[in-house]
Amino acid sequence: MLGFWIYLMSDALIFAALFATFGVLSTSYAGGPSPREIFELELVALNTAILLVSSITYGFGMLAMEENKVRATQMWLLVTGLLGAAFVGIELYEFGKLIAEGATPQRSGFLSGFFTLVATHGLHVTFGIIWIVVMMVQVGQRGLILENKRRLMCLSMFWHFLDVIWIGVFTFVYLLGMLR
């Protein structure tokens, strides 16, 4: 567990550096679009809700795990993974739309910082989904043995960590961006 906490702290440092970089570049539009011109806040709010609900469903999975309910644990993991996939899908849709409109990472410092920060988070969610699938298989094959419970606890910390990071992204990038 200690090793996983160290990993999470190193990940937190990566995101801190990306937030700081975005903060410096967030008003560098270089004649390109500003956040108010390109962000669809309703879509991002929906995506935020999806990710936050996935944390609740993961919590239900952990409760099922504590009660040694293998099928219920797998079902909640599946629901969480599907919500995570919906989140990534909406994020990819947003990226595709922005790129189609010419708002690419090369366009300005703001867009470069935006794509780097948000895509790094999306990549983490994607790896979390892969981890969820792996854990569903492991729980199906070996049950809720001590090792699987420990892995599910680590995955829980990782998944909730991603929610905390996303709340920062939603607030710092999208909400504050719309106020500029």
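This note goes through a predicted model of a protein, point by point.

1. **Overall make-up.** Start with the whole chain. The protein has six helices and zero strands. Read along the sequence, the pattern is α-α-α-α-α-α. The C-alpha trace spans about 55 × 30 × 25 Å along its principal axes.

2. **Burial and contacts.** The protein has 180 residues, and 47% of them count as buried. Now take the contacts in the protein with a separation of 6 or more. Residues 24 or more positions apart account for 82% of these.

3. **H3 against H6.** How do H3 and H6 run relative to each other? Their axes cross at roughly 160° and come within 10 Å. Angles over 145 degrees count as roughly antiparallel, so H3 is roughly antiparallel to H6. The crossing of H3 past H6 is left-handed. By class, the residues of this contact are 19 nonpolar, five polar and two charged.

4. **H4 against H6.** Helix H4 covers residues 70–100, and helix H6 covers residues 146–179. Their axes are 14 Å apart, and the packing angle is about 30°. Angles under 35 degrees count as roughly parallel. Therefore H4 is roughly parallel to H6. This crossing, too, is left-handed.

5. **Who makes the H4 and H6 contact.** From H4 come Thr 73, Leu 77, Thr 80, Gly 84, Phe 87, Glu 91 and Glu 94. From H6 come Leu 152, Trp 159, Trp 166 and Tyr 174. Sorted by class, the contact has six nonpolar, three polar and two charged residues. Keep Phe 87 and Trp 166 in mind, since both are on this list.

6. **An aromatic pair.** A pair of aromatic rings is described by the distance of the centres and the angle of the planes. A search of the whole structure finds 20 aromatic pairs. One of them is Phe 87 with Trp 166. Their ring centres are 4.9 Å apart, and the planes stand at 90°. Planes over 60 degrees apart count as edge-to-face, and this pair is edge-to-face.

7. **What the pair joins.** Phe 87 lies in H4 and Trp 166 in H6, so the pair ties together parts that are 79 residues apart in sequence. Are the two residues buried or exposed? Phe 87 is buried, with a relative accessible area of 0%. Trp 166 is buried as well, at 1%.

8. **The aromatic cluster.** Phe 87 and Trp 166 also belong to one aromatic cluster. Its other members are Phe 19, Phe 22, Tyr 29, Phe 39, Phe 95, Phe 110, Phe 114, Phe 115, Phe 172 and Tyr 174. Tyr 174 appears in the contact of H4 with H6 too.

9. **Ala 30.** Look next at the loop between helix H1 (2–25) and helix H2 (35–38), where Ala 30 sits. Ala 30 has a positive phi of about 50°, although it is not a glycine. Its relative accessible area is 67%. The cut-off for exposed is over 50%, so Ala 30 is exposed.

10. **Ser 26.** The loop between H1 and H2 also holds Ser 26. Ser 26 counts as buried, at 2% relative accessibility. Which residues does Ser 26 touch, leaving aside its neighbours within four places in sequence? Ser 26 is in contact with Phe 110 and Arg 180. Phe 110 is a member of the aromatic cluster. Ser 26 and Ser 112 are 86 residues apart in sequence, yet their C-alpha atoms are 9.3 Å apart in space.

11. **Asn 68.** Asn 68 is in the loop between helix H3 (41–66) and H4. Here too phi is positive in a residue other than glycine, with a value near 60°. Asn 68 is partly exposed, with a relative accessible area of 48%.

12. **Thr 171.** Back to H6, where Thr 171 has its place. Thr 171 counts as partly exposed, at 36% relative accessibility. Its C-alpha atom is separated by 18 Å from that of Leu 13. Along the chain, Thr 171 and Leu 13 are 158 residues apart.

Technical notes: Residues numbered from 1 in each chain as written. Predicted model: local features only at pLDDT ≥ 70, side-chain atom pairs only at ≥ 80, totals over all residues. Heavy atoms only, no water. Phe/Tyr/Trp six-rings, centres within 6.5 Å; stacked < 30°, edge-to-face > 60°. Helix = DSSP H or I, 4+ residues; strand = E, 2+ residues; numbered from the N terminus. Buried < 20%, exposed > 50% of the residue type's maximum accessible area, 1.4 Å probe, protein only. Axes fitted to C-alpha atoms, helices over the stretch in contact; angles between N-to-C directions. Parallel < 35°, antiparallel > 145°, perpendicular 65-115°, else oblique. Left-handed = near helix turned anticlockwise from the far one by under 90°. Contact = heavy atoms within 4.5 Å. Nonpolar A, V, L, I, M, F, W, Y, C, P; charged D, E, K, R; others polar.
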